[in-house]
Amino acid sequence: MEWKRTPVFLGTIISWILFAVIGFGMWGCPTYNVWQQEMSGRAEFAKAEQNRRILIEEAAANLEAEKLNAQAEIERAKGAAEAIKIENGSISEK
C-alpha cells in the first residue's frame with residue numbers, strides 16, 4: 001500500500017509548489033512593476049535636478065563673462081578718450 005500512496009503524495013507536493021510559485025508570481029510581478037516605475041521616476045527627477053543645476057551654473061558663468069566684457073569695454077573707452085584728449089592737445093588743424 002505504501003508504494004501506491006507515494007506518487008499521489010509527490011504529485012500533491014509538486015502541485016502545491018506550483019501553486020505557490022504561480023501565486024508568488026501574480027503578487028510579485030505587479031509589485032516589481034510599481035517598484036521599477038518608482039525607481040525610474042526618481043532617476044528622471046535626479047536627471048532634471050542635475051540639468052537645472054547645469055543651467056544655473058551656465059547662466060552664472062555667462063553673467064560673469066558679460067560683466068568682464070563690460071569692464072573691458074569701459075577700459076577701451078577710457079583709453080580711446082585719453083588718446084583723443086592727447087591728440088586734440090598736440091595736433092593742430094594743419
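This report covers the salt bridges and one nonpolar surface patch of a predicted model.

**Salt bridges**

The count of salt bridges comes to five. Side chains of opposite charge can pair when their charged atoms come close. Three of the pairs are set out below, with the distance between the N and O atoms of each.

| Pair | N to O distance |
|---|---|
| E38 and R42 | 2.8 Å |
| E49 and R53 | 3.7 Å |
| E73 and R76 | 2.5 Å |

A salt bridge is counted when a side-chain nitrogen of Lys or Arg lies within 4 Å of a carboxyl oxygen of Asp or Glu. The pair of R53 and E49, at 3.7 Å, therefore meets the rule.

**Position in the helix**

Helix α1 spans residues 2-90. E38 and R42 are four residues apart in helix α1, which means that about one helical turn separates them. The spacing of E49 and R53 in helix α1 is also given as four residues, again about one helical turn. E73 and R76 lie three residues apart in helix α1, a step of about one turn.

**Exposure of the paired residues**

In the first pair of the table, E38 has a relative accessible area of 38% and is partly exposed. Its partner R42 reaches 51% relative accessibility and counts as exposed. The cut-off for exposed is over 50%, so R42 at 51% falls in that class.

For the pair of E49 and R53, E49 is partly exposed at a relative accessible area of 22%. Buried means under 20%, so E49 at 22% is not classed as buried. R53 is partly exposed as well, with 47% relative accessibility.

In the third pair, E73 has 48% relative accessibility and counts as partly exposed.

**A linked group**

Which residues are linked with R52 in a network of salt bridges? They are E49 and R53. The bridge between E49 and R53 listed in the table thus joins two members of this network.

**Nonpolar surface patch**

Apart from the charged pairs, the surface carries a nonpolar patch formed by F9, I13, I17 and V21. Together these residues have about 400 Å² of accessible area. F9, one of the patch residues, is placed in helix α1. F9 counts as exposed because its relative accessibility is 57%, and the cut-off is over 50%.

Definitions and conventions
Residues numbered from 1 in each chain as written. Predicted model: local features only at pLDDT ≥ 70, side-chain atom pairs only at ≥ 80, totals over all residues. Heavy atoms only, no water. Helix = DSSP H or I, 4+ residues; strand = E, 2+ residues; numbered from the N terminus. Buried < 20%, exposed > 50% of the residue type's maximum accessible area, 1.4 Å probe, protein only. Patch = residues over 30% accessible without salt bridge, like charges linked within 9 Å, V, L, I, M, F, W, Y side chains within 5 Å. Areas by Shrake-Rupley, 256 points an atom, 1.4 Å probe, with all protein chains shown as cover.
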